Amino acid sequence: MSSSLVTVEIKVNGVIQPRAIEARTTLVDFVRDHLGLTGTHVGCEHGICGACSVLLDGEPVRSCCMFAVQADGMSVTTVEGLAPQRGCLSKIQDAFCETHALQCGYCTPGMLVACHALVERTPQPNEAQIRDAIGGNLCRCTGYQQIVDAVKLATSPGYEAKEAQGKREEVAHG
């Protein structure tokens, strides 16, 4: 049985990605298998856990629940695209490290995507807003409090992310 291919053009992390794919290719499979961006995790494959979350035109979506063809002509930001540049962390990514808001790390990409979307809409969210934003993402390790603390830290006045991993190590080792 042969399947026909369709052509899509999806801007992923700022780069237009034209590809010929099977129409049944999910968005999560497109970013992972066709683009090699494996930071987006495949979890439940039913849209329940949030591990596969990406930003679609700035809004968080479950990439396991949509086909790549549905994103044709749109802009997708994966967890890899959240950092301001290669080798640097965003404020939220840095704050996740500082507050130990990740343990096994499986939910972390989806949590980061949800938190970035929240902060774009609400630069100074309160605890209820943070909990609401991450409420659709399952985490079995952290108990969520460190994630809430990370968003509070990242959005606190004057907080700046370390410029690069090397500087993080310099700070840690004095």
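## Cysteines, cores and a pocket in a predicted model

Student: Is C107 buried or exposed?

Tutor: This is a predicted model, and the value is computed from its atoms. The relative accessibility of C107 is 11%. The cut-off for burial is under 20%, so C107 counts as buried.

Student: Which cysteine has the sulfur nearest to that of C107, and how far away is it?

Tutor: C107 is in no disulfide, and a search of the whole structure finds zero disulfides. A disulfide needs two cysteine sulfur atoms within 2.5 Å, so the sulfur of C139 is too far from that of C107 for a bond. C139 is itself buried, with a relative accessible area of 11%. The nearest cysteine sulfur to that of C107 belongs to C139, at 3.6 Å.

Student: Which residues lie nearest the centre of the largest pocket?

Tutor: About 220 Å³ of space lies in this pocket. Its lining divides into ten nonpolar, three polar and one charged residue. Of the 14 lining residues, those nearest the centre are Y106, C107, L138, C139 and R140.

Student: Which helix supplies the largest share of the largest nonpolar core?

Tutor: The core has 24 residues, and I92, F96, M111, C115 and I147 touch the most other members. At least two core residues come from each of α2 (91-98), α3 (108-121), α4 (127-134) and α5 (145-154). With seven residues, the largest share comes from α3.

Student: Which residues does F96 touch, leaving out those up to four places away in sequence?

Tutor: F96 is among the members of the largest core that touch the most others. Residues up to four places away in sequence are not counted here. The contacts of F96 are then A101, L102, T108, M111, L112, C115, I147 and A150.

Student: How many residues does the second core hold?

Tutor: In soluble globular proteins, nonpolar side chains tend to be buried together. Here a second core, separate from the largest one, includes V12, L27, L37 and V76. Its residue count is 15.

Student: How far apart in space are T155 and D57, C-alpha to C-alpha?

Tutor: T155 lies in the loop between α5 and α6 (165-173), and counts as buried at 10% relative accessibility. Beyond four places in sequence, T155 touches V119, P123, Q124 and P125. T155 and D57 are 98 residues apart in sequence, and their C-alpha to C-alpha distance is 22 Å.

Key. Residues numbered from 1 in each chain as written. Predicted model: local features only at pLDDT ≥ 70, side-chain atom pairs only at ≥ 80, totals over all residues. Heavy atoms only, no water. Core = buried A, V, L, I, M, F, W, Y, C linked by side-chain atoms within 4.5 Å. Buried < 20%, exposed > 50% of the residue type's maximum accessible area, 1.4 Å probe, protein only. Helix = DSSP H or I, 4+ residues; strand = E, 2+ residues; numbered from the N terminus. Contact = heavy atoms within 4.5 Å. 1 Å grid on protein atoms, 1.4 Å probe; cavity = no way out; pocket = protein on both sides within 12 Å on 5 of 7 lines; lining within 4 Å. Points joined across faces, edges and corners; volume = space filled by probe spheres on them. Nonpolar A, V, L, I, M, F, W, Y, C, P; charged D, E, K, R; others polar.
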